[in-house]
Structure formats: structure tokens, C-alpha cells
Amino acid sequence: MEDEMLKERCRRVLKRIAWRMQYAAKTRFNQETAIIEEVFGENLIDALDSSIYVQELLMQIPEKPRFIIKSIVIDGLTEEEVAKQLNMTRQGVHKCKKKYLNVMAQKISHSPSF
């Protein structure tokens with residue numbers, strides 16, 4: 001009889017712990033989803049598709065222009081900061097960025113998916 005009472009008490013405790021864990025996970029998921037939607041907008045799948053497409057486009061250009069575009073457009077560095085990192089002039093960075101952004105724009109305009 002005492003064993004049955006102990007088992008029942010353990011079941012209740014475990015059930016309460018499981019409920020708390022499930023509630024905490026659900027709360028965390030809702031908070032994270034709200035943050036993601038705030039950053040990317042409500043249509044997260046479209047944002048992820050766009051991000052993947054941008055990454056694919058970037059992989060189609062040479063390494064140096066890819067670094068320049070990622071650094072300036074995505075990471076928000078200035079042309080001068082990137083020029084110092086690459087030991088180039090700011091004008092050289094600007095020309096390279098402009099040229100390969102145009103190349104990427106042409107690829108987008110000729111792409112059947114967009």
C-alpha cells in the first residue's frame with residue numbers, strides 16, 4: 001500500500017515537471033517566433049527563400065567582389081572600412097561593388113524564379 005502511494009506521488013510530481021517543461025518550451029517558442037517575425041516580417045518562408053537566393057547569387061561571383069558586397073550591403077561596413085581591409089582604394093571598392101551589384105541584378109532579371 002505504501003509503495004502504491006509513493007508511485008502515485010512520483011507520477012504527480014513527474015506530470016507537474018513535464019507540464020512546466022512543456023509550458024516553458026511553448027512560451028520560449030512563442031517569444032522567438034515573435035522576434036523572428038518582427039525581423040523578417042510575417043512571411044518567414046519568403047524571407048528565408050530570398051536569403052537563400054541571395055546567397056546563391058553571391059556564390060556565382062568571384063571571392064573579392066563577394067566579400068565586398070557582403071561587407072557593405074549585408075554587414076553594413078563603409079566602403080572605406082572595406083578598402084582598408086583589402087588594401088584597396090575606396091574608389092576601387094566602389095567600382096567593384098557597383099559592377100557586381102549590376103551583374104547580380106542582371107541575373108535576377110533573367111531568372112525565371114523572380
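In which sense, left-handed or right-handed, does helix α3 cross helix α4? In this predicted model, the crossing of α3 past α4 is right-handed. The residues that form the contact are Lys 64, Phe 67, Ile 68, Ser 71 and Ile 72 on the side of α3, together with Glu 79, Val 82, Gln 85 and Leu 86 on the side of α4. By residue type, this contact between α3 and α4 comprises 5 nonpolar, 2 polar and 2 charged residues. Two packed helices are described by the angle between their axes and by the distance between those axes. For helix α3 (residues 63–74) and helix α4 (residues 79–86), the axes come within 9 Å and the crossing angle is roughly 145 degrees.

The protein chain as a whole contains 5 helices and 0 strands. Read from the N terminus, its elements follow the order α-α-α-α-α. The chain has 114 residues, of which 18% count as buried. Its exposed surface is about 9500 Å², and 57% of this area is supplied by carbon and sulfur atoms. When contacts between residues at least 6 apart in sequence are considered, 44% of them join residues at least 24 apart.

One residue that counts as buried is Lys 97, located in helix α5 (residues 90–109). The relative accessible area of Lys 97 is 15%, which is under the 20% cut-off, and the residue is therefore classed as buried. Apart from neighbours within four places in sequence, Lys 97 is in contact with Ile 68, Ile 69, Ile 72 and Glu 79. Among these partners, Ile 68 and Ile 72 also take part in the contact on the α3 side, and Glu 79 takes part on the α4 side.

A search for aromatic pairs across the whole structure yields 1 pair. It is formed by the rings of Trp 19 and Tyr 23, whose centres lie 5.4 Å apart and whose planes meet at 10 degrees. A pair of aromatic rings is described by these two quantities, the distance of the centres and the angle of the planes. Because planes under 30 degrees apart count as stacked, the pair of Trp 19 and Tyr 23 is a stacked one. Both residues belong to helix α1 (residues 2–40), where they are 4 residues apart, so that about one helical turn separates Trp 19 from Tyr 23. Trp 19 has a relative accessibility of 53% and therefore counts as exposed, the cut-off for this class being over 50%.

Key
Residues numbered from 1 in each chain as written. Predicted model: local features only at pLDDT ≥ 70, side-chain atom pairs only at ≥ 80, totals over all residues. Heavy atoms only, no water. Axes fitted to C-alpha atoms, helices over the stretch in contact; angles between N-to-C directions. Helix = DSSP H or I, 4+ residues; strand = E, 2+ residues; numbered from the N terminus. Left-handed = near helix turned anticlockwise from the far one by under 90°. Contact = heavy atoms within 4.5 Å. Nonpolar A, V, L, I, M, F, W, Y, C, P; charged D, E, K, R; others polar. Buried < 20%, exposed > 50% of the residue type's maximum accessible area, 1.4 Å probe, protein only. Areas by Shrake-Rupley, 256 points an atom, 1.4 Å probe, with all protein chains shown as cover. Phe/Tyr/Trp six-rings, centres within 6.5 Å; stacked < 30°, edge-to-face > 60°.
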